[in-house]
Structure formats: structure tokens, C-alpha cells
Amino acid sequence: MRRLISIVVLSATLPATAAGQRLPRTPEPGSPERTAILDAVRPTVERQVDAHVTFADVRLSVHDGWAYFRAIPYAREESREEARSDLRIPCEDCDPFVFALLRQDAAGWRMLEARVGAPPASSPLAEWTARHGAPAALAYRDPDDAALEAAMREYIDALAARDDRRFLALFTRTTPVLVVDNIESPAHVGTLTAAEMARDFRKRDGWYHVIFGENVDPVTGDRELDYYAEGFDNRMMWRRHGPGLYVKPWSSLDDGLRRMSYVRWKKDGGRWVVEEIGHFWS
């Protein structure tokens with residue numbers, strides 16, 4: 001039996017603030033430009049890790065014919081948790097990131113530098129900028145984009161920690177949400193406020209079990225998150241799939257949004273809040 005939980009905040013999205021100067025841009029997921037850059041990086045990475053890979057947690061800056069790329073590679077058609085241990089990242093105790101510097105010419109995007117694996121919290125961009133004369137602006141990151149990524153990180157960490165207070169703080173208190181649940185046919189459609197969700201969380205009932213449900217291993221007694229939060233224990237970052245939209249690393253995109261686990265964010269009162277979440281499970 002498949003079940004879809006979708007929560008949609010019923011309010012308008014605030015318009016984005018236009019930058020007052022020329023800054024790097026990030027091509028949208030699925031755009032020809034972004035696809036061309038990822039395709040230029042992929043062969044080198046696949047040779048180094050000896051696997052067919054796709055990328056998650058992509059950070060991409062494009063400026064004046066230059067591109068700086070950072071992402072986590074994982075094996076295609078595998079869950080991210082399994083793939084991380086399978087990929088042979090060529091260094092001990094390093095962050096599992098791929099870094100690349102690319103230059104665009106008449107033939108397309110050409111990779112100048114690539115590095116698979118790096119010491120924690122390090123980046124080779126300054127070194128590569130000095131070596132190749134790339135624009136320093138590639139290091140710029142839009143504060144709004146950084147705030148969105150931080151909100152998504154907090155969402156993952158709150159679920160992994162079973163911390164209902166932190167989880168509820170990511171929803172707006174002023175707008176009711178629309179709940180779509182297709183466990184039965186026709187699908188149930190109703191409204192749910194943050195206060196109602198908080199009440200269920202206090203009672204450890206209703207929505208608490210939908211969000212924080214657990215399985216207990218009959219042999220070891222270990223408790224693992226189930227239902228919506230399944231897979232959050234590894235705390236791995238989700239893939240950015242569009243404006244304000246993140247999907248689980250192992251989600252299938254073949255059949256569109258309703259075939260994957262996802263969360264969509266919007267700006268509300270100057271901060272990022274959850275606008276919609278959805279998930280299928282059997």
C-alpha cells in the first residue's frame with residue numbers, strides 16, 4: 001500500500017530580491033547549461049571512484065564563462081547511504097566532495113581542475129583562482145541561498161534527532177496547512193495548523209507517529225526511523241531539484257514530484273519555512 005502525505009502552506013510566496021550588481025549565478029536543475037557542466041565533470045569522477053555516479057548537494061557558480069562546482073558523488077540507482085561506503089574516495093578522513101573548475105569555450109565546457117575528496121571544511125577554489133586567473137567572484141554565495149541550505153540542514157538534523165521542537169520551528173505559525181493523504185480513495189484533503197501538529201507531538205499521537213514513527217529490530221532491539229523520516233538517521237544532505245525544492249537522495253524523479261520524497265520551502269517574514277512535504281511509502 002502506498003501512502004502520500006503532502007502538506008502545503010496556503011499563502012503567497014514573497015518575491016526574490018534582485019541583486020544590485022553582477023554576481024555569479026546558479027543554473028537551474030535540469031537546464032541545458034547545468035546538465036552540460038555536470039556531464040563535463042562526471043567522466044573524471046567516475047574514473048577516480050570506479051563507479052557510475054550521480055551528484056547530490058550540488059553547489060554551482062557560473063560567471064563570465066567560468067564555473068566552480070562542488071557536490072557529493074554517489075552510485076547511480078543506489079541509496080546515498082549505501083553508495084557513500086561503496087565509492088572509493090581517495091583520502092582518509094576527508095569530506096566526500098567533488099570539486100571542479102571549468103572554462104567555457106567554443107566547444108563547450110572544459111574541465112581545468114578536479115579534486116575528489118578533500119580535508120574537512122576545505123576548498124581548493126582560492127588555489128585554482130590564482131593558478132588560472134578565474135574571477136574571484138566565483139567564491140560569492142548568495143546569502144538567501146545559504147540560508148535555504150541551512151534551513152534544509154536543520155530540517156534533516158531535527159528529524160534525525162527526533163527533536164519535535166526544532167522540527168515545528170521550521171513551519172509558519174500564522175498560516176494553516178493543507179493536508180493531502182491518499183492512504184484511502186478518494187484522498188483525504190483537510191487543513192492542519194502548526195498548533196494542531198504541536199498538540200499531536202505533545203501527546204505522541206497522530207502526526208507525531210506519521211513524522212517520527214519507528215521500527216524496532218526484533219533481534220537487536222535497535223530503533224530506526226520509519227514512515228516519513230525513514231533514512232534521516234544518516235543525516236545526509238538532500239538533492240536540490242528546483243527553486244526551494246529538495247528531494248531525498250534516492251528519490252525517483254522519473255514519474256515526477258509525486259513519485260518521490262520531497263520538501264519545498266518558501267520565504268515567510270524574511271525566513272525560510274516549509275511550504276510542502278510529500279512522501280510515498282509501502
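**Exercise 1. Place D200 in the fold, then decide: is D200 buried or exposed?**

*Solution.* Start with the secondary structure: D200 sits in helix α6. Keep in mind that you're looking at a predicted model.

Next, check the accessibility. D200 has a relative accessibility of 12%. Buried means under 20%, so D200 counts as buried.

Finally, look at who D200 meets. Skip residues up to four places away in sequence, and you're left with D205, G206, W207 and Y208 as the residues D200 touches.

**Exercise 2. Find out which residues F201 touches, leaving out those up to four places away in sequence.**

*Solution.* Click on F201 and go through its contacts. You should get D164, F167 and L168, plus W207, Y208, I211 and F212.

**Exercise 3. Work out how many residues the largest nonpolar core has, and which elements give two or more residues to it.**

*Solution.* First, the count: the largest nonpolar core has 28 residues. Those with the most contacts inside it are M152, Y155, F167, F201, I211, V263 and W265.

Now for the elements. Helices α4, α5, α6 (194–203) and α7 (207–212) each give two or more residues, and so do strands β12 (262–268) and β13 (271–281). Helix α4 provides the largest share, with seven residues.

Apart from this core there's another one, of 18 residues, including V41, V53, L60 and V62.

As background, nonpolar side chains tend to be buried together in soluble globular proteins.

**Exercise 4. Locate A161 and decide: is A161 buried, partly exposed or exposed?**

*Solution.* Find the loop between α4 (143–160) and α5 (164–168); that's where A161 lies.

Then check the number. The relative accessible area of A161 is 37%. Partly exposed covers the range between under 20% and over 50%, so A161 is partly exposed.

Now the contacts: if you ignore neighbours within four places in sequence, A161 is in contact with R166 and R235. A161 and R235 are 74 residues apart along the chain, and 9.4 Å separates their C-alpha atoms.

**Exercise 5. Zoom out and describe the whole protein chain: how many helices and strands are there, and what share of the residues is buried?**

*Solution.* Count the elements: seven helices and 13 strands. Of the 282 residues, 46% are buried.

For the surface, the accessible area is about 14500 Å², and carbon and sulfur atoms hold 49% of that.

One last step: take the contacts with a separation of 6 or more, and 56% of them are between residues 24 or more positions apart.

Terms used. Residues numbered from 1 in each chain as written. Predicted model: local features only at pLDDT ≥ 70, side-chain atom pairs only at ≥ 80, totals over all residues. Heavy atoms only, no water. Helix = DSSP H or I, 4+ residues; strand = E, 2+ residues; numbered from the N terminus. Buried < 20%, exposed > 50% of the residue type's maximum accessible area, 1.4 Å probe, protein only. Contact = heavy atoms within 4.5 Å. Areas by Shrake-Rupley, 256 points an atom, 1.4 Å probe, with all protein chains shown as cover. Core = buried A, V, L, I, M, F, W, Y, C linked by side-chain atoms within 4.5 Å.
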